[in-house]
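Thanks for asking me to look this one over. My notes follow as numbered points, with the terms spelled out where they first come up.

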Amino acid sequence: MADSEPVAAGLPIQREAECVVDDLTGAALEARARQLLPRAVYDYYAGGSETETTLHEAPLAWHRWRLRPRMLSGVAAPDLTTTLLGTPVSSPIGVPPWALQRMAHPDGELATAAACARAGTLMTVSTTATVPLAQVAAVAPDSAKWFQLYQVHGPAYTDDLVRRAADAGYRALVLTVDLPILGRRLRDIANDFQLPEGLVMANHPDQADIRSDAEMPAPPVVGSGVSVRRLSQALDSADKTPPWTYAAVEHFAGLTDLPVVVKGVLRGDDAVGCLDAGASAVWVSTHGGRQVDRAISSAAALVDVVSAVSERAEVYVDGGIRSGTDALVALVLGARAVFCGRPIIWGLATGGADGVAAVLARLRAELVHSMTLCGVASVERVPRDLVTI
Ligand SMILES: Cc1cc2nc3c(=O)[nH]c(=O)nc-3n(C[C@H](O)[C@H](O)[C@H](O)COP(=O)(O)O)c2cc1C
């Protein structure tokens, strides 16, 4: 502490404490990523749709719950291992699909995959990855990976993508159904967000494929000034591909032997409809507040979905999970696993694979800590009476 600082007011101590707390909660990591990334890229990752109400409410919704810790339990070393659709993982905290990772770091999805493999964590790879799905899978062939599907460029192309994902060793197919059209992300519009030069959406067809099908809009496959309008056009392919309906869920469940997970469900009745249509699990999500602005929070939706699903299937959740304690609350509310988006992005942006590994390690340590304090021995046996509003 510098001699000249006003010790009497207690200010230096307070400032130091804030700084340490920021580091521990990951806020400092986001601040570092913000400094490193171009403004439009940071905004693309950080932003939500329209007024960003759902984005901002997401972490607060987990904070509304209060723990009812169990004392005298004798828990010293909680067990975080579990299975997700039969695949063993080292912890119930996974990495969700997120697009365009090579914008955050040159190694992009390859770095995220390496870090997840090291940690024994489940990674979900996006259709809009900047590295082809087979290359991501090859980084760690034996690690737990799921493939997230958008219906791009017509049924034949999409069905083939599913087959390629199965061949590459992905262990589940995640249908993201909350993007019938792209949300209105005002930051991207204001910034005229462009896919940076040299990056490609590696799982989209190449230009030659596109030209052979006059029906298809030109996709943003080449990283040369592809605007948000073009990005939106490529994903808004509802007029070219079947819309997301229960029939589409049935189609993909019938097409592949992989279990199908439906991501983006926010209502119990939708969740039951997906299971009836052949899905093996549902994933409660607001797409990180990037789609329906003023949608209910994932934390609130989880309660309804878990109750409607009533032990028929595994339920996962993401949106605003920022700490091990958030994860514990979600597990208590009935989630089998949670997924953490933005903090992983900031980890990749600031430190590549090591940065992602550090975020995963922090979340894991926090979950162990919270479980120990609350007397929870295993993530597979989390008492449902451990929280109250
Ligand atoms: C920059 C960014 C890109 C995303 N891309 C995808 C995607 O390609 N597919 C998908 O299903 N979800 C995508 N998502 C949503 C995430 O899978 C996840 O639902 C969300 O990030 C969770 O919220 P959190 O960031 O508050 O943890 C994206 C989210 C962000 C922030």
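1. A definition to begin with: the expected span of a helix is 1.5 Å times one less than its number of residues. Helices (H or I, at least four residues) and strands (E, at least two) are DSSP runs, numbered from the N terminus. Please keep in mind that this is a predicted model, in which local features need pLDDT of at least 70 and side-chain atom pairs count only at pLDDT 80 or more, while totals for chains, interfaces and linings use all residues. Residues are numbered from 1 along each chain as its sequence is written.

2. Helix H13 (residues 298-309) passes the span check: at 1.5 Å a residue its twelve residues should cover 16 Å, and the end C-alpha atoms are 15 Å apart, which agrees. Its buried residues (20 or more other C-beta atoms within 10 Å of the residue's own, with 12 or fewer meaning exposed, anything in between partly exposed, and C-beta atoms placed from the backbone) are Ser298, Ala299, Ala301, Leu302, Val305, Val306 and Val309. Viewed down the H13 axis, they fall within an arc of 145 degrees (taken from the directions from the helix axis to the C-beta atoms), so they line one face of the helix. After H13 comes Ser310, with a positive phi near 45 degrees.

3. What lies over that face? The cover on the buried residues of H13 includes helices H4 (53-63), H12 (268-276) and H14 (324-332). Strands S10 (260-265), S11 (281-284) and S12 (314-318) are also part of this cover.

4. Helix H15 (residues 342-374) is a contrast worth your attention. A straight helix of 33 residues would span 48 Å at 1.5 Å a residue, but the end C-alpha atoms of H15 are only 27 Å apart. H15 bends by about 140 degrees at Gly351, where the bend is the angle between axes fitted to the seven residues ending there and the seven starting there. Gly375, which follows H15, has a positive phi near 75 degrees.

5. On to the core. A nonpolar core here is a set of buried Ala, Val, Leu, Ile, Met, Phe, Trp, Tyr and Cys residues joined through C-beta atoms within 7 Å. The largest one has 115 residues, and Leu173, Val262, Val282, Val284 and Val338 have the most contacts inside it. H15 gives the most to this core, with 14 residues. Two residues are in contact if their C-beta atoms, placed from the backbone, lie within 7 Å. Not counting residues up to four places away in sequence, Val338 touches eight residues by name: Pro92, Ile93, Tyr316, Val317, Asp318, Ile321, Ala327 and Ala330.

6. Ile345 is a good residue to inspect within H15. With 29 C-beta neighbours inside 10 Å, Ile345 counts as buried. Leaving aside neighbours within four places in sequence, Ile345 is in contact with Tyr45, Trp98 and Ala104. The C-alpha atoms of Ile345 and His105 are separated by 9.4 Å, although the two are 240 residues apart along the chain.

7. The sheet is an open one of eight strands, in the order S4-S13-S12-S11-S10-S7-S6-S5, with parallel pairing. Strands S4 (93-94) and S5 (123-125) stand at the edges with a single partner strand each, so one side of each has no neighbour in the sheet. Two strands pair if DSSP finds at least two bridges between them. S10 pairs in the parallel sense with S7 (residues 173-176) over four bridges, and with S11 over four bridges, again parallel. Within S10, Val261 is the bridge partner of Val174 and stands opposite Ala281 in S11. Six of the six residues of S10 are buried.

8. Two backbone angles deserve a look. Glu52, not a glycine, has a positive phi near 60 degrees; Glu52 lies in the loop between H3 (39-46) and H4 and, with 18 C-beta neighbours inside 10 Å, counts as partly exposed. Leu85 also has a positive phi, about 50 degrees, without being a glycine. Leu85 sits in the loop between strands S2 (82-84) and S3 (87-89), and its 20 C-beta neighbours inside 10 Å make it count as buried.

9. Finally, the overall figures: the protein has 15 helices and 14 strands, and buried residues make up 51% of its 389 residues. Of the contacts between residues at least 6 apart in sequence, 72% join residues at least 24 apart.
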